[in-house]
Amino acid sequence: MKKLFFLSLFVGAISCSPKEETVDYTKMSDEERLKAATEIAQSTIMVDGHVDLPYRMKVGGFTLQREILDVSVRTPDGNFDYPRAKEGGLDAPFMSIYIPAVNQKTPGASKALADSLILMTERLASTYPDKFAMAYSPTDIEANFEKGLISLPMGMENGAGIEDDLANVEYFHKRGIRYITLTHGTDNLIGDASYDTTATYGGLSEFGEKVVAEMNRVGIMVDLSHVSDNTFKDALAITKVPVIASHSSVRKFTPGFERNMSDELIQAMAKNGGVMMINFGGSFIDSAYAAGGAKVREHIVNWLAENNLNRRDSAAQAYINEYAAANNPFPTVQKVADHIDHVKNLVGIDYVGLGSDFDGVGDSLPTGLKDVSMFPNLIAELLKRGYSKEDIEKICYKNVFRVWKAVEDFALAKR
């Protein structure tokens, strides 16, 4: 009893410590706040729900037979590599095992591509073991974080990889997949997609209902990014555990863009205990971006033609950079913070996370969030708005870890 008494006094003393709790980040200068944000990013586990590095490697011509893209060093293009991730404090980017909808037309092609991209991700970890490590649970990520390694958890974007065989759900769990985005660009065997107007099933298919239940059973998180509203609601009605949206933003800021989540869906996900991970892509966070970006692109294409130049010419690059800077169509880091604000104000801080879509949204990223090194800019903006360090920790990892652990616990209880 004496030990417990002194322990309670010790814990009480810590909880009353004036250090972190009394920090008012809103009164700092921008420079001081960015320094504090960088320190928080470096000392806190940060999970990003969606980074398209595996498919970036595939598009770049890298295969299992050819050396993989060396992201252990700074790369001249793309949004992710080891040095920049370390600078930004990113510790666990979910590697997107992305299956394009076109693969659905050929039986077996989706699963084959998924297997290939999984192997490519594993090869990245085995080639640079002093920098990367695979991760299959929050516990793995915590252990890798202590070692200074960047974890590579995997999520499969497009449930088409399951093909028409329910047994493949468990197969992909054994292969390391820890979330599955039920659909992608078009309706698939599982259900209807947000970008597709066909409404093949009016939501989940009968097979899709079995897939969701099986994902619960084996311990794969159900990802509701990319699905139609009806598919979203159907999945919530079936799942026995919290879900995620690995890379979605708020529809209020992009009216008519069903790929984003309405307030109704955000509230339903919060009631389920799930977490919404905010996408950074320009068209996801600002409805004005598409029109502004198209105008800039049209001008540049015309200018190149008039001057008989291509984008690689130094004179062209100088002009493009100058024109784009003067006519910047990109949203800013503040807009991403607006989306986080909206979710927090609507349902609470416990239901929002980060799902950048780095390497997956092209040249549409906001000013101040162009690559993984710039996460501190977003944290600084949140601190400026009155978010606490505890709030930041929830956004960075605690919310998604809570969901992930609940999924693990449910599956363990079913064994």
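**Close-up 1. Asp 81 sits in the loop between helix H4 (53-59) and helix H5 (82-88).** This is a predicted model: local features need pLDDT of at least 70 and side-chain atom pairs count only at pLDDT 80 or more, while totals for chains, interfaces and linings use all residues. Numbering starts from 1 along each chain as its sequence is written, and side-chain values use heavy atoms, with hydrogens and water left out. Helices here are DSSP runs (H or I, at least four residues), numbered from the N terminus. Asp 81 counts as buried (under 20% relative accessible area, 1.4 Å probe, protein chains only), because its relative accessibility is 0%. Its side chain and that of Arg 84 are joined by a polar contact of 2.7 Å (a pair of N or O atoms within 3.5 Å, one able to donate a hydrogen and the other to accept it). Leaving aside neighbours within four places in sequence, Asp 81 is also in contact (heavy atoms within 4.5 Å) with Val 71, Val 73, Arg 74, Thr 75 and Val 372.

**Close-up 2. Here's Phe 132, one of the residues with the most contacts inside the largest nonpolar core.** A nonpolar core is a set of buried Ala, Val, Leu, Ile, Met, Phe, Trp, Tyr and Cys residues joined through side-chain atoms within 4.5 Å. This one has 108 residues, and helix H17 (residues 389-414) gives the largest share, nine. Beyond its neighbours within four places in sequence, Phe 132 is in contact with residues including Phe 80, Tyr 82 and Leu 149.

**Close-up 3. Another core lies apart from the largest one.** It has seven residues, among them Trp 303, Ala 316, Ile 320 and Tyr 323.

Terms used: Buried means under 20% relative accessible area, exposed over 50%, partly exposed in between (1.4 Å probe, protein chains only). Helices (H or I, at least four residues) and strands (E, at least two) are DSSP runs, numbered from the N terminus.
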